[in-house]
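Colleague: Please take one part of this model and look at it closely. I would like to hear about the pocket.

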Amino acid sequence: MSDVADLMKMPEESIDMIAATSVLQQQAADIRTKTINWASYMQSQMISQEDYQCISALDNSKAAYLQSNPAQAVKTLLNLLSHVSKDSTIQYIMVMIDDLLQEDRSRVDIFHEYCAKRKECVWGPFLNLLNRQDGFIVNMSSRILAKLACWGHEMMPKSDLNFYLQFLKDQLTVQCKIYISEMTALSKRIQTIIIHSNGNDKGSSNHLDLVQFLKYREQAAEAGKTSNEYIQSVARCLQMMLRIDEYRFAFVGVDGISTLVRILSSRVNFQVQYQLVFCLWVLTFNPLLATKMNKFTVIPILADILNDCAKEKVTRIILGVFRNLIEKPTDAQVAKEHCIAMVQCKVLKQLSILEQRRFDDEDISADVEFLTEKLQNSVQDLSSFDEYATELRSARLEWSPVHKSAKFWRENAQRLNEKNYELLRILVHLLETSKDPIILSVACYDIGEYVRHYPRGKHVLEQLGGKQIVMQLLGHEDPNVRYEALLAVQKLMVHNWEYLGKQLEKENETQKQGSAAISGKA
């Protein structure tokens, strides 16, 4: 994979900034063909004579007028955004501004320089438009903000940046929910039609069902097209923003990585998968972020996508993330933990499958070779505790051999206390939040073994709130969870009795010694 410095020089089309046949691009093409009656705006005194002359000139010849009157062009465009309220006119102005910037990136500096001289905020007009109801205006405004933030010499101020990144994050969440809801509704309708057609032998009825099926599919495709396009539009803005290091940390600050991972774990299409994984890939070029990345369970989610993925570009970008997670962290132990996490998520198996395939992209073959070597080396050095810790951090507990090994718990139970009880806290957190019966069962078993092999285990567990959670799981709907919770509680109680027994033995010894001393004196 090319370095992020090379990425900065890439044309936007190379990173899927906008698809030629996208909904937004089609809307923009339609808007360009419209004619706005600027004279009526001037006659009703909504715009000045100066702005009327400028916008008319821009309509006739954008490039020529902008070259000779750059400051006036920016002034007029920003004035119009402030004084015009009609959606169709705002759409027209937004398309004009976006076209000006797309044709020549250096024009971003014209906007910055004009606003700096007048001590005005270039971001304000576009940030305000993010609150409009019209989806096209909102997405075009977001696009323009990304270009102003990334293509010029001026960085977006912190307060505006946080607002904008929060907007992008929220839009991703909302639009994905809409898209998934629409796709789920389609799936249910199709299922109903199939069940109905299977239970019906009449040919005419089957024909009717087929027509209905095609009709529903077409309707859902149209309904999902717009929401999916808006997801891609927001993702394109993030693809631009996250290539700049200062913006990356701000994005992490608004909990952006969690949002990307959550959406990737849902049923989004391959294009959205590619764009969001691209965002993660760019983030991993920063060593500090690459070090922290798997705390967001990035590796398990990407391993799942890699396993199911059929698109070469999605495969390529996931391998790029994995490579960065090994290469970029400055701490060798972190890189080792990432390798072990990949092994546990069955990435080695997937790499062996990829080795058998032929790819047009040489980067894929190079990354497969690199990752295979690193992961195989990590397997050779893997201790049972490393394996256990990595599995626990991945939040994907299963009945792997270490859990049932008495030798493992005798030697390692106390190590759950390391780093301020990091691993024990993860176990308690899983008991509290997981819905998976297997994870809950394994976590209950591990808690029991920890208490059985570490003398102060019960006391520590009570402090972390784990004992109460285990007790609550005695009423869980799954019989296996109830069984393992019961065993864990029994180990807690046995530990209590053993402790009391030892205390009684000590007291008896003390009493005997006291009696012997008294007898001696007598």
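Modeller: What follows describes the largest pocket and then one residue, L348.

The model is predicted, so local features need pLDDT of at least 70 and side-chain atom pairs count only at pLDDT 80 or more, while totals for chains, interfaces and linings use all residues. Residues are numbered from 1 along each chain as its sequence is written, and side-chain values use heavy atoms, with hydrogens and water left out.

A pocket here is an open set of points on a 1 Å grid over the protein atoms alone, where a 1.4 Å probe fits, with protein on both sides within 12 Å along at least five of seven lines; its lining residues have an atom within 4 Å of a point. The largest pocket has a volume (the space filled by probe spheres set on the points, which are joined across faces, edges and corners) of about 470 Å³. Its lining has 24 residues, and Q344, C345, K346, R396 and E398 lie nearest the centre. Helices (DSSP runs of H or I, at least four residues, numbered from the N terminus) that give two or more residues to this lining include α19 (332–344) and α20 (347–355). Helix α17 gives the most, 5 residues.

L348 is placed in helix α20. At 21% relative accessibility L348 is partly exposed, because that class lies between buried (under 20% relative accessible area) and exposed (over 50%), with a 1.4 Å probe and protein chains only. Leaving out residues up to four places away in sequence, L348 is in contact (heavy atoms within 4.5 Å) with M342, V343, T372, L375, Q376 and V379. Of these, Q376 is 28 residues from L348 in sequence, with 7.9 Å between their C-alpha atoms.
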